[in-house]
Amino acid sequence: MVDSQVVLWGQTIAYTCYTISIMSLMAWFAYKITRQGDTYKAPNKLFYVYVSVLIVAGVSLHIITYNTIPWAPMDINRAEIKADKVFDIRVANHQFYLPADTLFIKVGEKAMFNVTSDDLTYGFGLFRKDNSMLFQMQVVPGHNNDILWQFNKPGVYSIRSTEYSGPKGAQMIIDHAVEVIE
Amino acid sequence: MKFIDIFLNGEGGLFKPKTLTPAQKLVLRFVVVSLVYYFFALFEGMIMRVFQVDPSFMPAEQYFGILTAHPLVGIFGSTYSLVFGAFLFLVPFLMKKPLWSIKLGNWTFILITAGTMVFWLAGFLTEYAPLYTLYWPLPADFTQFDPLGGAIFITGIAIVMVGTVFFVINIFKTISYTPEGWEKQPSKALLASALGLDAFTNLFKKKEKQKEHLISLPVAAVARGTVDVALNAGIILFTGVLILVYMVSYLMGIDLKHTAIDALLYKNWFWWGLDLIADGLVLIFVAGTWYLLAMLITGKKLFMQNIARAALLVELVVSWTVWSHHLMSDQAQPGILKILSGELVTAFELITQGLAFFITLVTLWSARPLKMTNPLKFLLGGLLGFGLAVPAGIMQADIGLNRILHNTQWIIGPHVHVAVLVGLTMTLYSAVYILFPIVTNGAKLYSQKLANVHFWCHLVGGIGMGAFMGMAGLHGMLRRTIYYNGEFNLYMVLAALSGCLLFIAFLAFFYNIVMSLGLNGVLQIFTPSKLDAKNTVPAES
């Protein structure tokens, strides 16, 4: 499975290109609008072409990501996919309770994290050593919160709450909580 | 003129408060209070910027208290004040009929001003900090928060909502009522036109059979946005009462069970209501304001006017069905809602807001050459803000990308702050600059150089802050938490410097306005007008 960092790089490049384009367009527009030019009446056709482009852009974004980001279809269909490992995790009083000090996963395995909360709404995220995020989900009390993830390279991850649950929530970090081994 | 003379009496002594009608005084009061609360939000923002670089700057509890108050003061105290004030003036002004009730307008002003101060003070003094998201049962978690402080905080919000309801009543009554001495007005037809029902049916009729619009497009935009204002006020009031029940019970010694409320259902309810602001009235009001500004700046009709009207109605319906994009990371949320409401309907916002963007640009283009006035340059800034922020939002409303973006600084930076600070605020500044001579009866702006400083510092500061927060988010920095070891300090220092530019922009603008009106003039805005309330602007002008 492609690493989430690769997807983030792709997004960074795509959005940077877009921001440069839209800012250049607006700068050009601001310059040209103050200059004398031919009286221009925009044809309605131009409007409909523009609307079509917006529709294609809006819909194709989701089609492309669904077909290129592997965890998207896996998430939607996770009930039908058999996990190689299942970890039941409880959260209460601003603390994570893991089944072991470190959760070991082999490269290539699909791991299911079942997280429940006894009191507040929390978040559950895995983070790399450089603090970048691998993935996250919300942990809502009174519901089962599960996420399936396939680990394709060795690494060590910390667990951190990704949702505000009061000032104490900022301390909800467990270093070296997950280790992916060959 | 000497400095002290200008400071007291305004540039050229042109601002004469005694010539102001009650409607003009009302809008100016809203503007002054809006700027004061904008300063609160800005100052709080800067305090939080310092904290994000150095968490030893203040206790965490205080930081989260500020983080709770900051968006609410910005939305209700500043933006609601400015928008409500502007629309309570513009609707009667554009319809050439008096505001239905100046008294009710003044009550809206008083309640929003007082309500904001109440919840701000309660948050400041008691550090009540469930954040604006209020995820159940956090707002009623009395092991962390003082129930009395929370009760006062929620009461403040409720007071703002009552003022909001008064605004809604005033707008719809103004559209539909018959002023004294006028021929009987077709109330139902006026309301139907305002809500866009005729525009929608016109789309399916031949040109010769199409109904004539009784309401101008900008007023129709105000009316449609006001529908979301009303629905949102209902949701917030209901939610506030629910939280208050838990607080008051606790204070009386009765501990109600938190589990009686389903946290996920509550979250759906909350986001459905909140998106009536974020994805509803903001986008509709902004589109309507763009259209009005484009028409005022060019003196021309709007390009594709009928489509623009219908799009505003579509936008209203879209705003009722997009809330699930906030629950893409909630695994118990049904997948079908994530795909339909979260992804597909949300993508419609790219279309509706994209239409408004395009229609405004084409209308401006049709009138070139235009002079680069303050309203025009701020309008272009506002358009750019939404041009940047809407696609950033569409990206995070995606099942795949949300998994690695949710609750990071990406959401609050390139999406929220760029949309609010650059898109919304610059649009509102454009309206302020264009309305300034109308609501002040011809007062002159003190300094164009300061207006230019205001523009460039605000634009660069707003985009810069959003960009650096976004970069931090893409590297994993979460929102609503604390990094004690300087993990993202480079980005946070750069975001703070961008914040300084926003601060300079505001000071330049505020100083410019005070010097234009004079301190005496600003104070006299708050005294009653002796002119006839039937006139929105003085009869002779």
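Let's start with a residue in chain B: Leu131(B) sits in the loop between α4 and α5 of chain B. Its phi is near 65 degrees, a positive value in a residue other than glycine. Before I go on, please keep in mind that what you see here is a predicted model. Is Leu131(B) buried or exposed? It is buried, because 22 other C-beta atoms lie within 10 Å of Leu131(B) and 20 or more are enough for that label.

That loop has another residue to look at. Glu127(B) also belongs to the loop between α4 and α5 of chain B, and its phi, near 55 degrees, is again positive in a residue that is not glycine. Glu127(B) counts as buried too, because it has 22 C-beta neighbours inside 10 Å. Here is the background for pointing these out: most residues other than glycine have a negative phi, and most peptide bonds are trans.

That brings me to the peptide bonds. Which residues does a cis bond join in this part of chain B? They are Trp136(B) and Pro137(B), with omega at about 0 degrees. Pro137(B) is found in the loop between α4 (102-126) and α5 (147-176) of chain B. Further along, the bond from Arg368(B) to Pro369(B) is cis as well, with omega near 10 degrees. You can find Pro369(B) in the loop between α11 and α12 of chain B.

Let's follow the chain into α12(B). This helix packs against α15(B) at an angle of about 5 degrees, and the two axes are 11 Å apart. The angle is under 35 degrees, so α12(B) counts as roughly parallel to α15(B). If you would like to click on the residues involved, α12(B) brings Asn374(B), Lys377(B), Phe378(B), Gly381(B), Gly385(B) and Leu388(B). From α15(B) come Ala451(B), Phe455(B), Leu459(B), Gly462(B) and Ile463(B). By class, that contact has 6 nonpolar, 4 polar and 1 charged residues.

Now, how do the two chains meet? In this model, 65 residues of chain B are in contact with 65 residues of chain A. On the chain B side, α3 (60-95), α9 (263-298), α11 (335-365), α12 (374-396) and α13 (399-405) each supply at least two residues. Which helix gives the largest share of that side? It is α11(B), with 12 residues. For those of you thinking about side-chain chemistry, the residues of chain B that touch chain A divide into 38 nonpolar, 15 polar and 12 charged.

Let's cross over to chain A. Helix α1 (residues 4-32) of chain A has 29 residues, and from first C-alpha to last it reaches 42 Å, close to the 42 Å expected at 1.5 Å a residue. In α1(A), Ser4(A), Val7(A), Leu8(A), Gln11(A) and Thr19(A) are buried. What covers the buried residues of this helix? The cover includes β6 (133-139) of chain A, together with α12, α13 and α15 (448-474) of chain B.

On to the strands of chain A. An open sheet of 4 strands runs in the order β2-β1-β4-β7, with mixed pairing. Its edge strands are β2 (95-97) and β7 (145-150), each pairing on one side only. On average, neighbouring strands in this sheet are turned by 25 degrees against each other, direction ignored.

Let's zoom in on β4(A). With β1 (residues 85-92), β4 (residues 110-117) of chain A pairs in the parallel sense over 7 bridges. Arg90(A) has Thr116(A) as its bridge partner in β4(A), and Val91(A) stands opposite Ser117(A). With β7(A), β4(A) pairs in the antiparallel sense over 6 bridges, and there Met112(A) stands opposite Leu148(A). In a regular strand the side chains alternate between the two faces of the sheet. On the covered face of β4(A) are Ala111(A), Phe113(A), Val115(A) and Ser117(A), while Lys110(A), Met112(A), Asn114(A) and Thr116(A) make up the uncovered one.

One last sheet. In chain A, 5 strands form an open sheet in the order β3-β9-β8-β5-β6, again with mixed pairing. Here the edge strands are β3 (103-106) and β6, and the average turn between neighbours is 20 degrees, direction ignored. β3(A) pairs with β9 (residues 173-181) of chain A in the parallel sense over 4 bridges, and Leu103(A) has Val178(A) as its bridge partner in β9(A). Thanks, everyone!

Terms used: Residues are numbered from 1 along each chain as its sequence is written. Chains are lettered from A and ligands numbered from 1 in the order in which they are written. This is a predicted model: local features need pLDDT of at least 70, side-chain atom pairs count only at pLDDT 80 or more; totals for chains, interfaces and linings use all residues. Two residues are in contact if their C-beta atoms, placed from the backbone, lie within 7 Å. Ala, Val, Leu, Ile, Met, Phe, Trp, Tyr, Cys and Pro count as nonpolar, Asp, Glu, Lys and Arg as charged, and the others, Gly among them, as polar. The expected span of a helix is 1.5 Å times one less than its number of residues. A residue is buried if 20 or more other C-beta atoms lie within 10 Å of its own, exposed if 12 or fewer, and partly exposed in between; C-beta atoms are placed from the backbone. Two strands pair if DSSP finds at least two bridges between them. Axes are lines fitted to C-alpha atoms, for helices over the stretch in contact, and angles run from 0 to 180 degrees between N-to-C directions. Angles under 35 degrees count as roughly parallel, over 145 as roughly antiparallel, 65 to 115 as roughly perpendicular and the rest as oblique.
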